[in-house]
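Colleague: Could you take me carefully through how the helices pack against each other here, with the cut-offs behind each term?

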Amino acid sequence: MKIIIAGAGDVGFHLAKLLSYESQDTYIIDFDGDKLDYLNSHLDVITKKGDATSIKLLKEIGIDSADLLIAVTESQNTNFTISVIGKSLGAKKTIARIDNPEFLNDCEVDFKQFGLDFMISPQELAANEIKMLLNQSSFNDTVEFEKGLFNVMGTSLTYKSPLVDLTVKEAKQKFKNIDFITIAIKRANVSETIIPRGDTTYQVNDQVYFSVPSYNMKDLYPIIGKKKFDIKNVIILGGSSIGEKTARNLCQEGFNIKLIEKDKEKAESLAEELDNVLVINGDGTDLELLEEENIRETDAFIAVTGNSETNIMSCLVAKSKGVKKTIALVENMDYIEISQTIGIESLINKKLIAASSILRHIRKGEILALANLHNIDAEVFEFEVQPNAKVTEKPIKELNFPREAVFGGVIRNGKPYMSFGEMQIQSGDKVIVFCLPEAINTVESLFR
């Protein structure tokens with residue numbers, strides 16, 4: 001598959017990184033020579049310095065044979081232009097990063113006729129991610145499959161968890177009445193993701209991802225040593241487009257929302273736009289203001305200003321005042337790695353979320369859904385099993401399944417089933433698989 005990425009920023013780099021594991025024919029275009037040099041020295045991609053709106057340049061790298069053109073520069077207008085030109089020159093499919101919510105939600109204009117097949121908005125995706133995180137209060141990462149029939153849930157283990165110091169096998173014996181599969185462990189200060197086996201031991205501060213069917217979700221809380229708590233009162237710091245969209249989303253879900261915005265003119269504009277939100281003009285890092293707004297009675301604090309450090313520090317202050325759930329938006333990818341060690345439940349990066357969303361368009365065929373987990377360069381797939389697929393030939397335990405992947409569950413005839421070794425997968429099943437990048441091609445081949 002030939003993929004051309006316009007823009008070597010965080011979204012473009014992360015996409016290129018994931019694609020390089022799969023030996024895709026990937027090209028990156030950018031003006032910034034330093035960024036391209038870094039890409040060349042770290043990834044197996046082809047780089048081209050220049051303007052991605054240049055017809056001559058696009059022809060030079062073979063736009064007419066491109067399966068996919070992805071425009072993810074910082075400029076919405078540039079991305080629009082690149083997509084239109086690229087499609088006209090023969091690119092089979094185009095995806096553009098767009099920030100204007102009107103473009104995404106307005107059905108009056110058919111953008112496909114101009115050459116934009118798909119549009120994604122990092123702000124919109126981040127706001128939706130925040131809403132999902134609030135709905136699973138004690139977990140810091142959550143992905144639904146088949147409208148919640150199966151769920152992948154991530155949390156950091158504290159000393160209160162009865163899992164600590166048990167092996168995976170011992171945990172299954174101790175909690176044999178609860179259906180769950182541990183699909184991944186990210187250990188504090190260790191870069192590699194662990195695909196757990198029976199003798200893998202859970203440790204304090206491990207970020208653990210479970211696959212759990214809907215009927216046992218509530219039973220997962222005692223296992224992780226945490227209680228499910230309801231979130232009602234929420235403070236949002238920052239009236240950015242993410243802050244505004246998040247406030248609107250959460251109001252529709254029945255949350256009580258206060259939004260703090262430092263800029264007076266922006267605050268006044270938001271107050272007019274958001275009917276059911278209490279908009280406060282002030283500095284959200286001012287402890288006195290937070291006390292006045294009953295920070296101690298707040299269930300969740302969401303910091304989405306344009307400054308990563310402000311977001312992190314204000315969340316830490318909120319946590320020290322007893323706020324149960326904190327979410328901080330960060331621009332620096334490196335900060336994501338420290339989320340589980342500094343006491344903030346969730347750090348989110350809108351560019352990382354955008355890159356994950358774009359990957360869904362690169363996958364094709366039998367893949368129904370795809371998600372990325374925070375802080376892990378890996379993917380969770382939902383496959384629909386085709387007739388005569390290799391994966392149906394033997395029971396799971398006899399399949400030559402790569403060690404870098406693990407089954408997370410099976411949905412058969414609308415019902416969730418655990419994917420243990422004795423099970424034999426059938427045509428028509430929907431199968432959840434957690435997979436590290438190096439095993440993606442092998443796993444995909446088994447489902448063909």
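Modeller: Helices α6 and α9 are oblique to each other, a label for angles that fall outside the other classes, which are roughly parallel (under 35 degrees), roughly antiparallel (over 145) and roughly perpendicular (65 to 115). This is a predicted model, in which local features need pLDDT of at least 70 and side-chain atom pairs count only at pLDDT 80 or more, while totals for chains, interfaces and linings use all residues. Residues are numbered from 1 along each chain as its sequence is written, and side-chain values use heavy atoms, with hydrogens and water left out.

Helix α6 covers residues 122–135 and helix α9 residues 241–252, and they pack at an angle of about 45° with their axes 9 Å apart. Helices here are DSSP runs of H or I with at least four residues, strands are runs of E with at least two, and both are numbered from the N terminus; axes are lines fitted to C-alpha atoms, for helices over the stretch in contact, and angles run from 0 to 180 degrees between N-to-C directions. The crossing of α6 and α9 is right-handed, meaning that the near helix is turned clockwise from the far one by less than a right angle. On the α6 side the contact (heavy atoms within 4.5 Å) is made by Gln123, Glu124, Ala126, Ala127, Asn128, Ile130, Lys131 and Leu134, and on the α9 side by Ser241, Ile242, Lys245, Thr246, Asn249 and Leu250. By class, this contact of α6 with α9 has six nonpolar, five polar and three charged residues, where Ala, Val, Leu, Ile, Met, Phe, Trp, Tyr, Cys and Pro count as nonpolar, Asp, Glu, Lys and Arg as charged, and the others, Gly among them, as polar.

A second pair is formed by helix α1 (residues 10–20) and helix α15 (residues 350–362), which pack at an angle of about 45° with their axes 9 Å apart. Helices α1 and α15 are therefore oblique to each other, and their crossing is right-handed. From α1, the residues Asp10, Val11, His14, Leu15, Leu18 and Leu19 meet Lys351, Leu352, Ala354, Ala355, Ile358, Leu359 and Ile362 of α15. The contact of α1 with α15 has, by class, ten nonpolar, one polar and two charged residues.
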